[in-house]
Amino acid sequence: MSAPFPRAFYNRPATDVARALLGTVLVHGTTSGRIVETEAYLGLQDRAAHSWRGITPRTRVMFGEPGHAYVYLIYGMYECLNVVAEPEGSPGCVLIRALEPLEGISRMKRRRPGARGIEDLANGPGKLTLALGITRRENGADFTRGPLTIHPPASPEKIEIGVSPRIGIKHCADWPLRFFIQGNRFVSR
DNA sequence: CAATAGATCATCT
DNA sequence: GATGATCTATTGC
């Protein structure tokens with residue numbers, strides 16, 4: 001596997017990072033998956049973003065150095081993984097919404113007993129954190145160092161990027177900030 | 001198939 | 001004290 005992306009990869013607008021992450025490989029321990037769906041959250045202008053009001057204990061990492069993880073608990077039960085983008089002080093981030101499982105599939109199945117097939121293992125933000133064993137312990141982790149890392153695709157590929165409004169939010173519900181690999185069967189519904 | 005309810009808690013008002 | 005960047009099971013056509 002090639003080296004993780006350098007810090008500079010993450011140091012640009014959240015929408016750019018969201019598109020660039022499609023097709024890349026997220027690795028945690030012995031499990032990995034190809035990122036097939038992302039959403040951008042912009043920060044102060046974006047009322048759907050947790051960081052829109054400014055720094056709080058929870059949103060602190062999003063105002064920090066790019067290339068770190070922001071993991072939070074949603075609805076009291078599930079955790080969601082975000083990649084911090086943009087220069088320090090600018091709180092853009094990217095929610096990872098779906099993965100195509102690559103390595104450690106038997107382990108993922110064990111962590112997700114309800115899943116019917118490979119498609120259901122990580123085709124949603126709460127599912128992929130369970131499948132890869134990512135929890136709030138990983139909040140603030142550095143994607144350039146590990147054990148949680150993101151790598152370029154193993155082989156070059158051309159993908160077609162689909163765009164739509166984001167899922168499950170109330171504010172700014174019509175902003176086209178969700179990106180996915182067109183036609184991929186591991187994208188969430 | 002589509003719609004809906006329930007689980008469950010950290011975070012912010 | 002209200003509110004979610006969700007998922008699953010269940011109900012109703």
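Two residues are in contact if their C-beta atoms, placed from the backbone, lie within 7 Å. The exercises below concern a predicted model, and each is followed by a worked solution.

**Exercise 1. Describe the nonpolar core and the contacts of Cys93.**

Which residues have the most contacts inside the largest nonpolar core? This core has 47 residues, and those with the most contacts inside it are Ala14, Val83, Cys93 and Val94. The next step is to ask where its residues come from, and the largest share, six residues, is given by strand E5, which covers residues 93-103. Then take Cys93 by itself: leaving aside residues up to four places away in sequence, Cys93 touches Ala14, Tyr41, Met62, Tyr70, Asn82, Val83, Val84 and Ala85.

**Exercise 2. Work out the order of elements in chain A and judge how compact the chain is.**

Begin with the inventory, in which chain A has three helices and eight strands. Read from the N terminus on, these elements follow the order α-β-β-β-β-β-α-α-β-β-β. The radius of gyration of chain A is 15 Å, close to the 16 Å that the globule rule gives for 189 residues, and therefore the chain is as compact as a globular protein of that length. Along its principal axes, the C-alpha trace spans about 40 × 35 × 35 Å. As for burial, 41% of the 189 residues in chain A are buried. Finally, consider the contacts with a separation of 6 or more: residues 24 or more positions apart account for 63% of them.

**Exercise 3. Decide whether Thr31 is buried or exposed, and place it among its contacts.**

Thr31 lies in strand E2, which covers residues 31-41. Because Thr31 has 24 C-beta neighbours inside 10 Å, it counts as buried, the cut-off for burial being 20 or more. Not counting residues up to four places away in sequence, Thr31 touches Glu103, Gly104, Arg107, Met108, Ala131, Leu132 and Gly133. Trp175, by contrast, is 33 Å from Thr31, C-alpha to C-alpha, with their positions 144 residues apart in sequence.

**Exercise 4. Trace the pairing of strand E8 and say how its faces are covered.**

Start with the two partners. E2 and E8 run antiparallel and are joined by three bridges, while strand E7 (residues 161-164) pairs with E8 in the antiparallel sense over four bridges. What, then, stands opposite Phe179? In E2 and E8, Thr38 has Phe179 as its bridge partner, and Val163 also stands opposite Phe179. The last step concerns the faces of E8 (residues 178-181), both of which are covered, with Arg178 and Phe180 buried on one side and Phe179 and Ile181 buried on the other.

**Exercise 5. Examine helix H3 and the loop that comes after it.**

How many of the eight residues of H3 are buried? Six of them are, so that the helix is mostly covered; these are Pro125, Lys127, Leu128, Thr129, Ala131 and Leu132. Among the elements that cover these buried residues are strand E1 (25-28), E2, E4, E5 and helix H2 (105-111). Just after H3 comes Gly133, with a positive phi near 75°. Further along, in the loop between H3 and strand E6 (148-151), is Pro147, which is joined to Gly146 by a cis peptide bond with omega of about 10°.

**Exercise 6. Compare the surfaces near the two DNA strands, and locate Tyr75.**

For DNA strand B, the surrounding residues are Arg53, Thr56, Pro57, Arg58, Thr59, Leu73, Tyr75, Gly76 and Met77, and by class they divide into four nonpolar, three polar and two charged. Around DNA strand C there are 22 residues, of which His50, Leu95, Gly124, Gly126 and Gly168 come nearest. Strand E4 (78-84), E5 and helix H3 (125-132) are the elements that give two or more residues to this surface, whose classes are 13 nonpolar, seven polar and two charged.

Tyr75, one of the residues around DNA strand B, is found in the loop between strand E3 (69-74) and E4. With 8 C-beta neighbours inside 10 Å, Tyr75 counts as exposed, and its phi is near 55°, a positive value in a residue other than glycine.

Key: Residues are numbered from 1 along each chain as its sequence is written. Chains are lettered from A and ligands numbered from 1 in the order in which they are written. This is a predicted model: local features need pLDDT of at least 70, side-chain atom pairs count only at pLDDT 80 or more; totals for chains, interfaces and linings use all residues. A residue is near a molecule or strand if its C-beta atom, placed from the backbone, lies within 6 Å of it. Ala, Val, Leu, Ile, Met, Phe, Trp, Tyr, Cys and Pro count as nonpolar, Asp, Glu, Lys and Arg as charged, and the others, Gly among them, as polar. A nonpolar core is a set of buried Ala, Val, Leu, Ile, Met, Phe, Trp, Tyr and Cys residues joined through C-beta atoms within 7 Å. A residue is buried if 20 or more other C-beta atoms lie within 10 Å of its own, exposed if 12 or fewer, and partly exposed in between; C-beta atoms are placed from the backbone. The radius of gyration is taken over C-alpha atoms; the globule rule is 2.2 Å times the number of residues to the power 0.38. Two strands pair if DSSP finds at least two bridges between them.
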